[in-house]
Amino acid sequence: TIADGGAHRLVIDAAEPVSDAWERIIRSTFADEARVTLRRLTGGFMASTFATDTHDRNGRRTLPSVLKISPRAVTAREEAAYRQYVRPFILNNATVLMAQAVHGEYAGLRYNFLGITGGESRLQPLESLYVGDTPAEAITAVRQTLTNVLLPWYGQAVVAPVHPFADHDPRVLFTDLPAVAQEVLGIDLDAPRIECPPLGRSVPNPYYFLQHRWDALRGYTASWFTSITHGDLNLNNVLVDERRNIYVIDFSETRVRNVAADFARLEAICMMEHTRL
């Protein structure tokens, strides 16, 4: 008797076409499963992230997880940051790396995606609380994240040279940012301030600063407190379950930098989320 090998291959259910490279990554990271259903999650600038529902070869549902596929360099950064900065310090409040695979230009990481109550746990990003009916709970969770959860990072700050303008240049990702601001938003790059009618006042023009002053400051160095920082801490990279347990995700930009970096980034995001323009 000749058995049909195709009947034993992993069945991939996805709402969108999956490239050959991505299919190979999926088959490698879910090698022990019989069926995987992929549901794309929002967010992510350099990666595609999917919530996965899986079943074994006896038809039993297995633990849900998340598959993150991105260019190899991005994945390598995240895997290294996970092993160096996440697992030794904040493992109980972070996702756990289960498997990884590489094919061609892409690589994939499979994380667990469980709350404290197991497979039926309902995780949601802090943003949904903040802009929804419970902003006070979201603010409490933000405070706990920046103090209790990430204290093993921030609480071990040491003084070292920092290069604030070189380390935080937005043009590394958005190379044409000033030009796009002028074309799309109509902002004058030569005006030091711009009028903001919703706020009833003028505000400093960040695109003027970026266009005319940033490059001269890239070499600026100062001694300041440094620590491990997330690097992309926003309201979608902090998850809470139904018991308000906190889980931090997405560590591709995690490294040692100015200890205030995560605070400064999150403050601006929260202010923008709370302002109705």
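Which residue in S4 is the bridge partner of threonine 52? In this predicted model, the partner is serine 65. That pairing offers a handy way into the fold, and the surrounding strands and helix are described below, after a brief overview.

The protein has 277 residues, of which 38% count as buried. Its secondary structure comprises ten helices and 14 strands. The C-alpha trace spans about 80 × 40 × 40 Å along the principal axes. The accessible surface comes to about 15,900 Å², with 54% of this area belonging to carbon and sulfur atoms. Contacts often reach far along the chain: among those between residues at least 6 apart in sequence, 63% join residues at least 24 apart.

Back to the strands. S3 and S4 run antiparallel and are joined by five bridges. On to S6, S4 is joined by seven bridges, and these two strands also run antiparallel. Here proline 71 stands opposite tyrosine 106 of S6. Strand S4, residues 65-71, is mostly covered, with six of its seven residues buried. Leucine 67 is a residue of this strand. With a relative accessible area of 0%, leucine 67 is buried. Leaving out residues up to four places away in sequence, leucine 67 touches Ile26, Thr29, Phe30, Ser48, Thr49, Phe50, Thr52 and Leu109.

Helix H1 deserves a look alongside these strands. Its buried residues are Ala21, Trp22, Ile25, Ile26 and Thr29. Around the helix axis they cover an arc of only 135°, so they lie on the same side of H1. A general point about helices helps here: an α-helix has 3.6 residues a turn, so residues three or four places apart point the same way. The buried residues of H1 pack against strand S1 (11-14), strand S2 (35-40), S3, S4, strand S5 (97-103) and S6.

Aromatic rings add detail to this picture. The model holds nine aromatic pairs. In one of them, the ring centres of tryptophan 22 and phenylalanine 50 are 6.2 Å apart and the planes meet at 75°, so the arrangement is edge-to-face. Because tryptophan 22 lies in helix H1 (residues 20-29) and phenylalanine 50 in strand S3 (residues 48-55), this pair ties together parts that are 28 residues apart in sequence. Both residues of the pair are buried. Tryptophan 22 also forms an edge-to-face pair with tyrosine 106, at 5.8 Å centre to centre and with 80° between the planes. Since tyrosine 106 belongs to strand S6 (residues 106-112) and tryptophan 22 to helix H1, this second pair ties together parts that are 84 residues apart in sequence. How buried or exposed are the two partners? Tryptophan 22 has 15% relative accessibility and therefore counts as buried, whereas tyrosine 106, at 30%, counts as partly exposed. Elsewhere, Phe165, Phe209, Trp214 and Tyr220 form one aromatic cluster.

The nonpolar interior can be followed next. The largest nonpolar core has 31 residues, and those with the most contacts inside it are Leu126, Leu150, Trp153 and Phe251. Two or more residues each are given to this core by helix H2 (72-86), S6, helix H3 (126-130), helix H4 (135-149), helix H5 (151-154), strand S12 (238-240), strand S13 (246-248) and helix H10 (261-274). H4 supplies the largest share, five residues. Another core lies apart from this one; it has twelve residues, including Leu10, Ile25, Val36 and Phe50. Phenylalanine 251 is in contact with Arg77, Glu78, Ala81, Val86, Ile90, Ala94, Thr95, Trp153 and His230, leaving aside neighbours within four places in sequence. For a sense of scale, the C-alpha atoms of leucine 67 and tryptophan 153 are separated by 26 Å, and the two residues are 86 residues apart along the chain.

A further sheet completes the description. Three strands form an open sheet in the order S7-S12-S13, with antiparallel pairing. Its edge strands are strand S7 (124-125) and S13, each of which pairs on one side only. S7 and S12 are joined by two bridges, and proline 125 stands opposite leucine 239 in S12.

Terms used: Residues numbered from 1 in each chain as written. Predicted model: local features only at pLDDT ≥ 70, side-chain atom pairs only at ≥ 80, totals over all residues. Heavy atoms only, no water. Phe/Tyr/Trp six-rings, centres within 6.5 Å; stacked < 30°, edge-to-face > 60°. Helix = DSSP H or I, 4+ residues; strand = E, 2+ residues; numbered from the N terminus. Buried < 20%, exposed > 50% of the residue type's maximum accessible area, 1.4 Å probe, protein only. Pairing = 2+ DSSP bridges. Arc of directions from axis to C-beta. Contact = heavy atoms within 4.5 Å. Areas by Shrake-Rupley, 256 points an atom, 1.4 Å probe, with all protein chains shown as cover. Core = buried A, V, L, I, M, F, W, Y, C linked by side-chain atoms within 4.5 Å.
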